[in-house]
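I opened a fresh notebook page for this one and went through it feature by feature. Here is what I looked up, in the order I got to it.

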Amino acid sequence: MSAVIESHNHDDHHHGPAKGLTRWLYTTNHKDIGTLYLWFSFAMFLIGGAMALVIRAELFEPGMQIVEPEFYNQMLTLHGLIMVFGAVMPAFVGLANWLVPMMVGAPDMALPRMNNLSFWILPVAFFILLSSLFMEGGAPNFGWTFYAPLSTTYAPPSTTFFIFSVHIMGASSIMGSINVIVTIMNMRAPGMTLMKMPLFVWSWLITAYLLIAVMPVLAGAVTMMLMDIHFGTSFFNAAGGGDPVLFQHIFWFFGHPEVYIMILPAFGITSHIIETFSRKQLFGHTSMVWAMTSIAILSFVVWAHHMFTVGLPLAAELFFMWATMLIAVPTGVKVFNWVATMFKGSITYETPMLFAIAFVVLFTIGGFSGLMLAITPADFQYHDTYFVVAHFHYVLVPGSIFSIMAAVYFWIPKWTGNMYDERLGKLHFWLSFVGVNVTFFPQHWIGLAGMPRRYPDYALQFADWNMVSSVGAFLFGASQILFLFIVLKTVMGGKKATPAVWEGSRGLEWTIESPAPYHTFTTPPKVN
Amino acid sequence: MLKKATTSIKNKLFVTFITLFSGITSAAWDDFNMTKGVTAISKEVFELHMLIYWICVVIGIIVFSIMFYSMFAHTKKKNPNPSTFHENTKVELAWTVVPFLILVFMAIPASNTLTKIYDDSEGDINIQVVGYQWKWQYKYLEDDINFFSNLATDWDEINNLTPKGEFYLQEVDEAVVIPVGKRVRFLITANDVLHSWWMPDFAIKQDAIPGFINTAWTVVDEPGTYRGKCTELCGKNHGFMPVVVKVVSQDEYDAWVQGKKEEALKMAELTEKSWTVDELTQRGEGVYLKNCVACHQVNGQGIPGIFPNLAGSDIVLNNKARNVEILMEGVQGAAMQSFANQLSEVDMAAVITYTREAWGNAGNGDGEIVTPQDIVEYKKPKA
């Protein structure tokens, strides 16, 4: 891919950013909004992480030491909600804002004012959600999956605020997705056909369609809850002729595509990083696109594998088992492609590459446990135990979150114009890598041995590994402070970055100078 | 004593590490792996688990070996000029088709076992299991036996005031009893929120859902005491409602059934007897500690905003009729459930009387007490 860059620097003096707070409040610039999203998600990552540490501190030893079971449930609920909706999703939207226009050669997102709105309603949503901690009766305490009727008839009064905040998050996600789709469909540089599009852009195009398809479903579910709580309906209340299982069908019809929303952009990021540091073109670009598309389509027909124990008919169990197993095929293709890209490459191990390789290995381990969970009879034993907790943390922490960290190290020279401190970056990687495995690997064993999830206290035979897991969690948590320090240090200064930044870099964003000017590609480049 | 418990955990930690590093012995294996269980089905499920596990391990070793080989052999130093290949239809086809075939191979035994599990024909013994916040009720449909099973672990152990016993959080006041070798069918449902009845040794995990009845069955070949748990988040004491099943010989089972029936007769006699306030209060305290304390707390003051205060409450002090009604019917739209089926007439009367006498309530209200006859009266069909 080569590009012709028009000189656009002479525009800068009358199109630079405004000064002060208003720059951030009123901005319609995709780079500013990307930065806002990334900082917001980092703040949420630390808050959600602190809640995880409350959980791990309580589980350090058998017995109730630090919190009451009631507050423990609030912590595990908010930890899940904040990490999913506050940390991982906004981080990917931030990356999309920064990168999609630069990767397709567009001057900005297609709908810049809506872009501003979709960011600024997010802090409001999370302010509402977090304020529920201080309300009478406490914060939501029914798990991030908020199964009715625990979340309706039996829920604390703050649930209404929770519902409102989910509505706002949903609106933000839907607006963000529309923006991504419109930008990709209409603003690609001449010559950039769909199949030539970089994989991060592809992954986000698919993710955006998934979001538009399922966020309204989530909105529907919480609206029905609102009706059940305040307006006397009985959607999920068996005593009034309703159906508690219906809630789970609706929730997981949203929830399963949602988990792929949190992993598809990670696939895109990993592909870029592995090809760059292997100095070799990505193996199977076309098959990567097809694999992501099939994963996205399959994600709509596997939701009931979260519900194998609710008493579905045999035919449904068999269908959802087979469909779920099928997802291993396109996922396998992606892993094989990454390995084939590295094969006979010319590899170096800068921090982004370390995170990307750890992503491939640990995400694959999460994939294996996912395959085990798909086997319905075995799932009767795994379901709702720590085995499941280990599984989804393996795909979300060293999966999604490692990919976000890899992306930050990979593109931060482009964003700030400065190289990060490589030694500190590597230290951060190794601490996180050890921390994540010490935390989550023993949870496989705790789960298989029989400890259910969402338990504030446990039988004595689970004590050893819970203690190990808690130690790992504190190590992982502490090493993220180092990450914050590295990022701040890079923003303040450092070795100047070249436009290409990396020896093996490929793609339009590496053709513009570092840091990227406030306005880029005001005249579209030409892609051959 | 707390310190002693900590030391013993540290010792255990040390021992576990030693076993881990000196090669995992079969004794330690149970701490790492799924239970094999004691039924034909649970053993089949265990085999499936091990099969899929080894498939994953083998695939993982192959893929990661190639990857780690590249990571060492194809560095910039050793291989400064990267190859340029970036697709290969044959290879790509192979790594799509081969995994698919492995999955088909795996799906066949899994589907077979699943079909066996889904046999919901009648059992020799049929037991209805009902989940409550936070206890299980068991009703033996043939023998008209009905009891609740509560956590037996003392809250002092949970709060680290006394040392934890061997079956910490895995013991109940009354276990389910079933005979060995008989087909037992469980009909599982819930009274309030979702619960899930899990008995790992039988490979049974079925959600208990209000308004639905799910079935599960088992034939257990080895007598013994088996321990399981609630596995669906059901509120604050989700971690404190274990399942215990005792599997006994047919003779022992028959004797147990006989004993339960005699117990029921004795209870009927108690209902007839005339009670003093002190007797009722004394009995009521026990009932309160077992059934009410989780929400309304030991001091009766509840949790502000969630669970109402009973100490000085106007209903408890002055409104006997409403007081009885709340316990018998529950409160619509709130966590307060009906205890009409959970408590005998005697216990119901005792616990209401207790709340009207405890925490300084005595002498502050109308002073009325509730007798078992009041409850019998309440239960009579109204004209």
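**Entry 1: a strand pairing in chain B**

Which residue stands opposite B:Val176 in strand 10 of chain B? I found B:Val245 there. Before going on, I noted that this is a predicted model, where local features need pLDDT of at least 70, side-chain atom pairs count only at pLDDT 80 or more, and totals for chains, interfaces and linings use all residues. Residues are numbered from 1 along each chain as its sequence is written, while chains are lettered from A and ligands numbered from 1 in the order in which they are written.

Strand 4 (residues 176–179) of chain B pairs with strand 10 (residues 243–248) of chain B in the parallel sense, over four bridges. For my own record, two strands pair if DSSP finds at least two bridges between them. Helices (H or I, at least four residues) and strands (E, at least two) are DSSP runs, numbered from the N terminus.

I then looked at strand 9 (residues 224–230) of chain B, which pairs with strand 10 of chain B in the antiparallel sense over five bridges. In this pairing I picked out B:Tyr226 opposite B:Val245, and B:Thr225 with B:Lys246 as its bridge partner. So what does B:Val245 face, given that I have now met it twice? B:Val245 stands opposite B:Val176 and also opposite B:Tyr226.

Strand 9 of chain B also pairs with strand 6 (residues 195–199) of chain B, antiparallel, over two bridges. There I found B:Trp197 opposite B:Cys230.

**Entry 2: chain B as a whole**

I counted 12 helices and 10 strands in chain B. Its radius of gyration is 28 Å, well over the 21 Å that the globule rule gives for 383 residues, so chain B is more spread out than a compact globule. The radius is taken over C-alpha atoms, and the rule is 2.2 Å times the number of residues to the power 0.38. I read the span of the C-alpha trace along its principal axes as about 95 × 45 × 40 Å.

Of the 383 residues of chain B, 36% count as buried. A residue is buried if 20 or more other C-beta atoms lie within 10 Å of its own, exposed if 12 or fewer, and partly exposed in between, with C-beta atoms placed from the backbone. I tried B:Asn146, which lies in strand 3 (residues 145–149) of chain B. B:Asn146 is partly exposed, because 16 other C-beta atoms lie within 10 Å.

**Entry 3: chain A and its helix 11**

Chain A has 16 helices and zero strands. For its 528 residues a compact globule would have a radius of gyration near 24 Å, and chain A has 23 Å, which agrees. The C-alpha trace of chain A spans about 70 × 50 × 45 Å along its principal axes, and buried residues make up 63% of the chain.

I stopped at helix 11 (residues 328–342) of chain A. At 1.5 Å a residue its 15 residues should span 21 Å, and its end C-alpha atoms are 21 Å apart, which agrees. The expected span is 1.5 Å times one less than the number of residues. I found 15 of its 15 residues buried. Just after helix 11 of chain A, A:Lys344 takes a positive phi of about 60°.

**Entry 4: where the chains meet**

The contact takes 82 residues from chain A and 85 residues from chain B. I used the usual test here: two residues are in contact if their C-beta atoms, placed from the backbone, lie within 7 Å. Which helix of chain A gives the most to the side that touches chain B? Helix 11 of chain A does, with eight residues. The residues on this side of chain A divide into 49 nonpolar, 22 polar and 11 charged. Ala, Val, Leu, Ile, Met, Phe, Trp, Tyr, Cys and Pro count as nonpolar, Asp, Glu, Lys and Arg as charged, and the others, Gly among them, as polar.

**Entry 5: confidence**

The model scores ipTM 0.91 and pTM 0.88. Chain A averages a pLDDT (the predictor's confidence in each residue, from 0 to 100) of 94, and 97% of its residues score at least 70. The mean for chain B is 88, with 91% of its residues reaching 70 or more. I marked residues 1–5 of chain B, where pLDDT is below 50, and residues 21–27 of chain B, where it stays under 50. In chain A, I marked residues 1–13, where pLDDT stays under 50. Where pLDDT is low, the predicted coordinates should not be read in detail.
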